[in-house]
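Hello,

Here is the structure I said I would pass on. Notes on what was found in it follow below.

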Amino acid sequence: MSVDVDSDKGDMPEQAAKRLRKQWGIERGPVGHLVRAAENHGVLIIFSPPQTVAVDAYSFMGERPTVVLNPAKWDYYRQRFDVAHELGHLVMHLDAEPGGKVVEAQAHRFAAEFLMPGDQIADLLPGKADYRKLASLKEEWGVSMQALLYRARALGVMGDVTYRNALAYMSSKGWRRREPGPMPPMEQPSLFPRAVEILRDVGIGEDDLAREARVPLELFRVISARAPFSGAGGELEEIRDGGKVVSVFPKC
């Protein structure tokens with residue numbers, strides 16, 4: 001669905017988000033496991049090597065649509081917004097030059113509508129900075145308090161002055177960098193890692209696959225991993241539930 005990349009007027013990003021939700025069968029309520037939903041609809045999601053990180057995330061359309069995530073961003077809520085933002089680029093901006101102000105604003109609006117549909121969330125958002133209410137909505141909808149504040153202002157539920165004061169308060173508390181409350185396990189890709197596991201089970205190892213792909217083995221391991229390698233030597237700590245790895249975090 002192409003949009004006018006020279007103008008940020010109109011509601012094309014929101015309409016594109018609504019159309020994608022409908023196509024993916026997410027017509028009502030919060031989006032569940034976004035990474036899994038994207039993979040189930042043919043989007044490959046991988047992590048970039050830590051030493052090459054320059055942006056939060058980026059996407060491209062090769063043989064299949066691909067989203068590349070920043071491995072240093074250990075934040076469940078921000079990662080989900082990044083994925084939704086890149087889905088917006090894939091849906092709307094196949095022929096557009098990346099990084100432009102209008103293009104990025106459109107992808108941001110797409111992500112906001114995709115994760116927080118205006119007609120579903122407007123009546124739930126507080127008109128004032130009620131942080132208890134915001135924390136509850138954050139957990140329910142899988143988005144950060146900052147994203148909820150942005151959405152409240154964009155939908156006209158919250159005024160500009162109230163919005164700016166709320167952000168200033170969050171900055172004073174250090175919440176702009178790390179919001180209060182528990183952090184859910186990161187959503188992890190499984191499409192590529194599972195394919196590698198299946199091939200390994202029939203005798204085709206990582207060395208063979210890396211050689212066939214004509215990439216260094218270490219790079220192949222990065223892009224086929226369920227969790228990113230940390231920047232500090234790649235040491236990760238696994239969180240297990242009944243013997244199953246449910247999340248991975250950098251070792252401190």
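Leucine 115 is in contact (heavy atoms within 4.5 Å) with Arg21, Val31, Leu34, Arg80, Phe81, Ala84, Trp141 and Val143, leaving out residues up to four places away in sequence. Please note that this is a predicted model, where local features need pLDDT of at least 70 and side-chain atom pairs count only at pLDDT 80 or more, while totals for chains, interfaces and linings use all residues. Residues are numbered from 1 along each chain as its sequence is written, and side-chain values use heavy atoms, with hydrogens and water left out.

Leu115 also appears in the largest nonpolar core, where Phe114, Leu115 and Met116 have the most contacts. That core has 46 residues; a nonpolar core is a set of buried Ala, Val, Leu, Ile, Met, Phe, Trp, Tyr and Cys residues joined through side-chain atoms within 4.5 Å. Helix 3 gives the largest share of this core, six residues. Helices here are DSSP runs of H or I with at least four residues, numbered from the N terminus.

Next, helix 6. In this helix (residues 131–141), Tyr131, Leu134, Leu137, Lys138 and Trp141 are buried, buried being under 20% relative accessible area and exposed over 50%, with a 1.4 Å probe and protein chains only. These buried residues lie on the same side of helix 6 because they cover an arc of only 120 degrees around the axis, the arc being that of the directions from the helix axis to the C-beta atoms. Arg132 and Glu139, on the other side, are exposed. The cover over the buried residues of helix 6 includes helix 3 (76–92), helix 4 (101–115), helix 5 (118–121), helix 7 (145–154) and helix 8 (160–172). At the N-terminal end of helix 6, aspartate 130 acts as a cap, with a side-chain oxygen 3.2 Å from the backbone nitrogen of arginine 132. Glycine 142, just after helix 6, has a positive phi of about 70 degrees.

Helix 9 (residues 191–201) has Pro193, Val196 and Glu197 as its buried residues. They fall within an arc of 100 degrees seen down the axis, so they line one face of helix 9. Helix 10 (206–213) and helix 11 (217–223) are among what covers them. Just after helix 9, the phi of glycine 203 is positive, about 95 degrees.

Finally, arginine 214 sits in the loop between helix 10 and helix 11. Arginine 214 is not a glycine, yet its phi is positive, about 60 degrees. This residue counts as exposed because its relative accessibility is 78%.

Regards

Notes:
Helices (H or I, at least four residues) and strands (E, at least two) are DSSP runs, numbered from the N terminus. A polar contact is a pair of N or O atoms within 3.5 Å; within protein, one must be able to donate a hydrogen and the other to accept it, and residues adjacent in sequence count only if both atoms are side-chain atoms.
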